[in-house]
Each structure stands twice: as C-alpha cells, then as structure tokens.
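Trainee: I have a structure open and would like to learn how to read it. Can you take me through it?

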There are 2 protein chains.
Amino acid sequence: MGVVLSLDEKKKHEGSIQPLIDLTKADMGRVNELILSKAGSDVEMIPEVANHLISSGGKRLRPMLTLASARMCGYEGDGHVKLATSVEFMHTATLLHDDVVDESDLRRGKSTARMIWGNQASVLVGDFLLGQAFKMMVDVGSLDALDVLATSASIIAEGEVMQLAAAKNMETTEDEYLAVIKAKTAALFSAAAEVGPIIAAAPRADRVALRSYGLNLGLAFQLVDDALDYGGSAQNLGKNVGDDFREGKITMPLLLSYRRGTAQERAFWKKAIEDGANDDASLEKAIGLMTRYGSIADTIQRARHFGEIARDALAPLAATPEKDALVDVIDFCISRVN
Amino acid sequence: MGVVLSLDEKKKHEGSIQPLIDLTKADMGRVNELILSKAGSDVEMIPEVANHLISSGGKRLRPMLTLASARMCGYEGDGHVKLATSVEFMHTATLLHDDVVDESDLRRGKSTARMIWGNQASVLVGDFLLGQAFKMMVDVGSLDALDVLATSASIIAEGEVMQLAAAKNMETTEDEYLAVIKAKTAALFSAAAEVGPIIAAAPRADRVALRSYGLNLGLAFQLVDDALDYGGSAQNLGKNVGDDFREGKITMPLLLSYRRGTAQERAFWKKAIEDGANDDASLEKAIGLMTRYGSIADTIQRARHFGEIARDALAPLAATPEKDALVDVIDFCISRVN
C-alpha cells in the first residue's frame, strides 16, 4: 500500500489526466464508436487512411474537454458526444493536412498517412473528415456551437498559413510566434471547451471562463510540445527528437536561443534554419546552445504562465469533479516534459 | 439590327447563360463583394492565393444557381447572397486542393496557385476558404441549408477519393465513373440549387425539383468538360487539350473508347494510362481512336440525356423568368462543346 500511495502522491503533484479520463469514460466510449462509424465510407480508402491516424493512440484530450465542459455545466442531452467527435475530426483533418504541408514521415511513432497512401489521399481524406465534422455539428442543431467551431476552423487554417509565411524566418518575434500557436493550436482547445457550456445553455460567464481556459491550456500545451521536440525521446514523443529543427520550424526554444545568442551564434541559427544546415552535429550544437541560454526551461516557464491563466479562468466556476479534473490536466500537460 | 437579331437567334438555339447573368446581376454584385471581403485576412498570403484563383474568371455558375433558385421561390431576404458566396468558396477550395492532387500546372489559362505559392499554401488556403464558407452558412442560420451544404462537402471529398482510388484503372465501368462525377461535381450543383428553395421556405416539391435539376445539370456539365478536354483548344478551355490524358485520368470519352476498342487498342490505352506512355503522338492516336468510335460525340449524347432530365425536373415549377433562365443554362452547358 505504501508504494501505491506514493505513486498517487507523485501523480497529484505532477497533475494527471486520469480524473478527466475516468469522468468522461462512458461518454468517450460513445465518441470512439461515433468516430469509427463517421470515418466509414463505401470508398475503402477513406476508413483505411482515417483509421490509420485515428487508431494511432492520441490522447483525445480535445473531445474530453468538450464532454467535461458540457457535463460540468449540467448538460444532460447527448449532443456533446457529437460535438466532441466533430472536434476530434477537425483535429484529425488538421493533422492529415499538416503532415502534407510539413512533409513529415513520422507521427505518433508511426509512418504518416501520406507516406503510405500519398499526399493526395491525405488531403482528400482530411477534407472528408472536415465535411463529416460539420455534418455532426449541424445534427446537434446549436447555431452558437456551429459558429464557434466554424470560426475556429478558419482561424486554424489562418494560423497554419501564418506559420508557413513565417517559415524559416529567424526574425520572427515572440509575439508573432504566440499569434501563430494561438491560431493553429489554442483556437481548437478553446472551441472544444466553449461548446460545452453553449449546448448546456450555461450563463455567459461560464462560457467565457471555459473559452479562456481552453485557449490558455492550448498555448501551454503547444509550448510544452515545442520544448519536448528538443528534449524528449522518440518513444515518449511519437516523433523524432529535433523534427522541428530539421523541418526548419521556428518554435519558442529556437526563437529564444536566437535572440539571446552572440552574433556568431545567430549566424549558426540562420545557416541551420534558413539554409538547411541541420544535420545531427548541428542539432547537437543547437541543443547545447538551448541549454546554455535556458531556452527549453524558459519555454516551459512560458507554458506555466499560460497554465496559471487557465487555472484562474476556471476559478469562479462552481466546484465539480469536472472542474477539478480540468485543473489537473493543466499540470499534466506541463509535466509531460519532465 | 438584322445582325443583332441573327446573333440572338443563334444564342437562343444554343442556349445561353446571359438571361441567368442578367437576372442575378445585382445579387452577384453583392456576392462578388462578399467574396473579396471574406477571402481577406491579415495574413497576406491568404488573399493573394485566394484572389489569384477567384480573379481568374470562372463563370460563377454555381452561386448564380443559388441566387436564381432562391428568387424563383419568392425569397426576399439576403441570406441567399451569403449562401451563394459559400457555394463559390466551397468550389474554390475544391479547385485549390484538386490542383495539388492532380499536380496541375495550368487552370483557366493561368499558372495554378500551387505552381506560384506551393502545394502547402494551396492546401491551407483551401482549408481557410472552407472554414469561411461554413461561417457564412452559419450566419444565415438555416440548419436545413447547413445540412445540405455540409453533406455535399463530405460527398465531394468522397468522390475525389473514389476517383483517386480508381486512378489509372482502365477497367472502371461507366456506372462507376458516373458515381464519381455525381459525387465530385454534381453534388455541389445540386446543393447550390437546393438551398434556394430551402431558405425561401418553399414547398418540398420545389426543393426536390431544384435538387434534381442541379444534380443532372452537374452531370451534364462534367461530361461536356470531359469531352472538351479532348476537343477544345487551350484558349477556350483555360487548360491544355489532353490534360486529362496526360494525368492518366479516366473520363467518359476514354472509357468508351477502351470498351469499344480491339484487343490491340486496349493494350494501347493501358500503356498510355497505366504505364504513362502519354506523349503527343499517343495523344494524337488517342483522339483518332475517340473519333473512330464516336466516343466524344457519345459523351455529349450522355450529357444531353442528363440535360433532358434536368429540364423535366424543372417542368412542374411555376413559370418565372428564373425558370426560363435555368432551362437556358442547360443548353448553354451542352453547347459549350461546339
């Protein structure tokens, strides 16, 4: 018993996704069924491509946010299951298109769909899943929820284009970078958390609180992801260490290191990112510089900052098990990095 | 005056899009303004890419169908302008993604967006326009119209995947091919025509009639497009003659020629399409075989068949100038080929 207790203590300290998983377990069972059924099509290639990614073991954090936020606002219908599935489909569609845009080979430790079925199938199956997502939202019949999710779809694409336009530009400022991740990652977290109170017809204050929670959790989540890319192992991460570096992606640790470096170091970063001098020796040097300037640690510090905002956003809401679980997820997202 | 009259006579006989253009002129002015404003973004690359395609002079037939079908059912609000713009954005998004999937260099006589800004921008700006389309539909607030358009988005993507899966497969049957073009082209024509009566709260019979009109017009339109690819000039067509052939696309004229050919000719088709032996000499031989077997003429005959169904679908509707204009468009679509 002593051991079990100490493990529990550790989890408590580091935050945990387990309470959220436990609370949404029954509903997530229905989401997972709906995912399989709505990714189905007589056109065989569609479920093949879709299920390759769907079955690759993402945490499904976003649909859990929708389920928990609806329940904590007293929702008793079943529209939240469809909206949660829509949110996951929007995410899956984004991943399929992202892999094409980034020319990625590996996602969650598996070959990307585009490596197996080609870019074409990835683009088109992404479009199909987006269409299915909108159909499910329409089924639920809440124009407010539709508005929030359709708006987030535009914002996500806008963020991706912003990132593409800023690609390999080492002069990107921290503010510009935050605008990118707010759009490409945080907007969907925010929408996922906001549609819960919407279909529950909760007071406006709850809606605003959960929207802010989602947005700031999303920012923290993405920043930790950025840090992990330089500090995790392929196993934990499901992608290779240094993928962002090799793709010439500007992320927070890189941006901080560049700004804090000497003129000589800045020349190194430019050569690595803008001219593609990004072999293993360069990656090792990059991680060395990041360590010297504390860029990875400070990226996590930035994540903590947004995590605190997410926590305070939830504070005014009535105490519920769901609220506790959502708070716990903040620490979980941040402590992934350790 | 005599000359003018004889031109009018000729137009009448061949069908004309002019009455539809005249009837929807004021509303199309508002659609064109909305297109420009909703393709706008602080992210400069978005309007650049979007306007490149938007300004390349498509006929905007689909949004005109929405405007005319709403007006002929007595609609007096302004939601039809937003829905028409949504329809055009869905079409534009599809074209952006199609050019990536087909690796096309030329569209409507101009370089494709992917040739100028890359595949990545084309995928992402397509996603952005799709998001904007859904936002406008949500603004209109008709769940029925949303359902029809969201469903068509899924079906279009499904049709594209179907085409991809059947790519370069010379054994594709005519039925299979019709299923592809019904999904990838006719579904949006059908949805464009159906949302008019929906927002006009017209009787179900009108809705069914206009849906069927749109579907069959779309089939005719695509078949004529297939024929034009082997019979038009790059100027009329805005693409190169034989593009479908060089891309190894199975279309109606090719499918008919293959089925009607000798064993030796079938070997030629397989080599051309499946193995990519599609140089200019092969294209010339292909067009020769199509002429011998009447495959282009019979493709147009098939188009006429669906045109007749479209005409009869409209028959029960009350006589209005819009109805006459929609009938005239059928002949216009088919006579493009002459």
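The talk below covers the interface, the cysteines and one serine.

Mentor: This is a predicted model, in which local features need pLDDT of at least 70, side-chain atom pairs count only at pLDDT 80 or more, and totals for chains, interfaces and linings use all residues. Residues are numbered from 1 along each chain as its sequence is written, chains are lettered from A and ligands numbered from 1 in the order in which they are written, and side-chain values use heavy atoms, with hydrogens and water left out.

Trainee: How many residues does each chain bring to the contact?

Mentor: Contact means heavy atoms within 4.5 Å. Chain B brings 35 residues and chain A brings 36 residues.

Trainee: What is the area buried between chain B and chain A?

Mentor: The size of an interface is often given as the accessible area lost when the parts come together. The loss is taken with a 1.4 Å probe and summed over both parts. Here it is about 3300 Å², and carbon and sulfur atoms give 78% of that.

Trainee: Which helices of chain B supply the side that touches chain A?

Mentor: Helices are DSSP runs (H or I, at least four residues), numbered from the N terminus. On this side, α4 (45-54), α6 (79-102), α7 (113-140) and α8 (143-165) of chain B each supply at least two residues. α8(B) gives the most, with 14 residues. By type, the side of chain B that touches chain A has 21 nonpolar, 8 polar and 6 charged residues. In this scheme Ala, Val, Leu, Ile, Met, Phe, Trp, Tyr, Cys and Pro are nonpolar, Asp, Glu, Lys and Arg are charged, and the others, Gly among them, are polar.

Trainee: How many salt bridges cross the interface of chain B and chain A?

Mentor: Look for a side-chain nitrogen of Lys or Arg within 4 Å of a carboxyl oxygen of Asp or Glu. The rule finds 0 between chain B and chain A.

Trainee: Why does Cys73(A) have no disulfide partner?

Mentor: A disulfide needs two cysteine sulfur atoms within 2.5 Å. The closest cysteine sulfur to that of Cys73(A) is in Cys333(A), 20 Å away, so it is too far for a bond. Over all chains, the search finds 0 disulfides.

Trainee: Is Ser257(B) buried or exposed?

Mentor: Buried means under 20% relative accessible area, exposed over 50%, partly exposed in between (1.4 Å probe, protein chains only). Ser257(B) has 1%, so it is buried. Ser257(B) sits in helix α13 (residues 252-260) of chain B. Leaving out residues up to four places away in sequence, Ser257(B) touches Trp269(B), Met290(B) and Ser295(B). Ser295(B) is 38 residues from Ser257(B) in sequence, yet 5.8 Å away in space, C-alpha to C-alpha.

Methods. Buried area is the accessible area (1.4 Å probe) that two parts lose on being put together, summed over both.
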